[in-house]
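Colleague: I should like to learn how to read the main features of a model such as this one. Could we take them in turn?

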Amino acid sequence: MRPGLVLAALVALCAAPALAQAPAQIPWETPYEAVDPFIGTDGEGHTFPGAVAPFGMVQLSPDTDILPFKQSYARAAGYRRSDPTILGFSHTHFSGSGHSDLGDILLAPVSGEARLEPGDPKVPGSGYRSRFTHDGEIAQPGYYAVTLTDSHVRAELTAGTRTGMHRYTFEPGARAQVLLDLRSSIYNYPGKVSWSRIRVRDDGTVTGMRETRGWAPGRQLYFAIRFSRPMVARSLTSTETDVPYKGFKQPGRSGDDRAQLEGRALVGVFDFGQIDGPLVAKVAISTVDEAGALANLDSDEKGFDFDALRARTRADWEKALGALDIAAPAPMRTNVYTALYHALIAPSVSGDVDGRWRGPDNAVHQAEGFTYHSTFSLWDTFRAEHPLLTLVQPEKRNADFVNSLVASQKVSPYGILPVWAFHGQETWTMIGYHAVPVIADAWLKGVHGIDADAALDAMVKSATYGPYGGLSDYMTLGYVPIDREPEAASKTVEYAFDDWTIARMAKALGKADIAATFEKRSLNWRNSFDAKTGFLRARKSDGTFREPFDPTAINYGSDYTEGNAWQYSWFAPHDLGGLVSTMGGDAAVVKKLDAMFEYDNSKLDYSHAEDIAGLIGQYIHGNEPSHHVAYMYAYAGAPWRTQARLKQIVESQYKPTPEGLSGNDDLGQMSAWLVFTALGFYPVAPGSNEYVIGRPFVERAVLTLDGGKRFTVRAQGLSDAHPYVARVTLNGKPLDRVFLRDAEIRAGGELVFTMGATPNKAWGVKVDARPYSLTPYPK
């Protein structure tokens, strides 16, 4: 059979089951089938389509191009759907990050002679990369498949918690080889790999490691690879040049018979000759050592049964996604279930099967009674991602997150909780000490298995570590001064919110002195609010506001973090009643919110700011500081305006397409926003144990909670012609307030929205119907 016919047959064979299961416009489509992992893989989403288990250590996905880090923003997840070639398949990826790293342990199947360089994507055959098409490309939770047209290989991927498995089908008679490239890395640059090693053991198992100087400097990752067929030959090569000291000659004639090679630019080629049937490669990783990777290798699947591992991971995804049963039109179901899928990828397992993990001190530790997780994008995920996980994931998983954070603090060289960490290593990215609200929110909701005293101690130490981000000045002046610390206005208000969550937890634990200290600090947001202009502004150490002032300006290292005064002036989630008072009352707040959403940006240019996307006036949905702002209307007695704005946001910012996310998914935060909003409520102030009611976007949703209780949301009469909430009942009784309590959800019950064509301007407007605020609303 001609090569083209063989490949066509392979594509048809591999794609047929998936086509039968593809999302269809039918109401009985399962949650698993509704997910489309291609959403967000183009545009600004930065998601990947490859195989991953829920919270899996391995994210096995194609890398379409590796560029110098200053040109890599669009490929932060390794894959760009519009790219024409695939280099290979690496085992670590971030889902939706705005900065990046990873892309570790890249494998590329090759038919015939293997070239050691990836080559030019514009010149087919110039390297080991291969062209591909989207015909026959499949992405499902836990499974990915694609045909590499230049390599003449059908590649399939699946993953367990700590392992990834590749199945390569070569054409009959082809020479089957697999290339391992330890040079390849997302956000790459010359010299990023500090050291690496490849070892071929006597039984054919390949082990090794590499240490990189990337986002988390000094990050070590170890691996073990086992193939389903014996090698007939191998070659280990270092492509590094201009090495001043090369040491003495290793045993063996060349790279063809070396058992081990170390260096900074290593490539291995493993030759399996002409084979009959697929070749399976099983790969495990570890942040600890090669022994940990070898132990992890059999933790998900002892043999090479690709279909068995795929089935188990599918079952894990079906269980995780099954926490939510949604009735809605197919596009909305796809959007919401894909959002839930993206929200269940991180924080990821980072501890080995034996419980060992590597911490921020770059030393190895032992977890006792919990599974260590990392990949904490806390500036993003404290807002909705972690609150969502407290509802849709088992208590044990949420306790693992908290225990991982506290364990990291205990061994941190600085004695503080993670800020933005992955593989246990700190990156110092973004601002705040937002592990604090994650811990407080989980504990205040009743998550067991947490040492509350140790957690509170870690929270207080993080909030009182003076050298961090202007905290010393914050503790003495009551604000972060801009002449001593960049992004001072944002830091002041974010610290104040975090302080409030410490006060909440301390009070619940009976620690009155700690509660009083941090509740007082939580009012510091007022110290950076300028009543004259009506905006949050940065003060200097002498108490004056910095001039000149432009509320629309967005610049890195300015008064604000990835935003401007328009977005940050609303950030006092714990004291929004006080903010309404400070801004001049309900009418003034509604007017200012409308001005924000309707601002004319035609004369503004934000092209220099990577993370500014999804603009509706000065509301920027593609970045987190805006995420609670549409719900602000409810705090000003105008919940119907929230309902209208939510419709505007959902319809413009989320689509069931590869370009369907308006901004970086940020490890699930953009997705968690949609899940909550689709259900009809949102956690504006994590730690308050309240959710602000908006409006639903699904006809029915059943949330199955840990322990089996169910909370149902129904939207009667929901349609484009009926976008407003006419009335609400909870368990059959009228609900006149615009918030739900966490305990009401966990008790099980039914929340019913009756939708109408016109706004009900009498519902939820009274002060006693409004959500929690630390200080009173205006009378």
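The dialogue below treats a sheet, the helices that pack on it, a buried loop residue and a pair of helices.

Modeller: Please keep in mind throughout that this is a predicted model.

Colleague: In what order do the nine strands of the open sheet lie, and what is the sense of their pairing?

Modeller: A sheet is read from one edge to the other. Here the order is β7-β8-β9-β10-β18-β14-β13-β12-β16, with antiparallel pairing. Strands β7 (138-140) and β16 (260-263) are the edges, each having a partner on one side only. From one strand to the next, the twist averages 15°.

Colleague: How many bridges join β12 and β16?

Modeller: Four bridges link β16 to β12, which spans residues 193-200, in the antiparallel sense. Within β16, L261 is the residue that stands opposite I198.

Colleague: Which strands does helix α3 touch where it packs on the sheet?

Modeller: Helix α3, residues 290-297, touches β10, β12, β13, β14 and β18, and its direction makes about 130° with that of β18. Helix α4 (residues 306-321) lies across β7, β8, β9 and β10, and runs at about 45° to β9.

Colleague: How should the length of helix α8 be judged, and is α8 mostly covered or mostly open?

Modeller: One compares the span with the expected value. The 17 residues of α8 (395-411) reach 25 Å from first C-alpha to last, close to the 24 Å expected at 1.5 Å a residue. Helix α8 is mostly covered, with 12 of its 17 residues buried. Among the buried residues are F401, V402, L405 and V406.

Colleague: Why is N188 classed as buried?

Modeller: The class follows from the relative accessible area. N188 counts as buried because its value is 15%, and buried means under 20%. The residue N188 sits in the loop between β11 (175-181) and β12. Leaving aside neighbours within four places in sequence, N188 contacts I66, L67, P68, F69 and R183.

Colleague: By what quantities is a pair of packed helices described?

Modeller: The angle between the two axes and the distance between them give the description. For α10 (residues 452-463) and α13 (residues 512-521), the axes come within 13 Å and cross at roughly 40°. Helix α10 is therefore oblique to α13. The crossing of α10 past α13 is left-handed.

Colleague: Which residues of α10 and α13 meet?

Modeller: From α10, L456, V460 and A463 meet I514, F518 and R521 of α13. The general idea is that an α-helix has 3.6 residues a turn, so residues three or four places apart point the same way.

Technical notes: Residues numbered from 1 in each chain as written. Predicted model: local features only at pLDDT ≥ 70, side-chain atom pairs only at ≥ 80, totals over all residues. Heavy atoms only, no water. Pairing = 2+ DSSP bridges. Helix = DSSP H or I, 4+ residues; strand = E, 2+ residues; numbered from the N terminus. Axes fitted to C-alpha atoms, helices over the stretch in contact; angles between N-to-C directions. Contact = heavy atoms within 4.5 Å. Expected span 1.5 Å × (residues − 1). Buried < 20%, exposed > 50% of the residue type's maximum accessible area, 1.4 Å probe, protein only. Parallel < 35°, antiparallel > 145°, perpendicular 65-115°, else oblique. Left-handed = near helix turned anticlockwise from the far one by under 90°.
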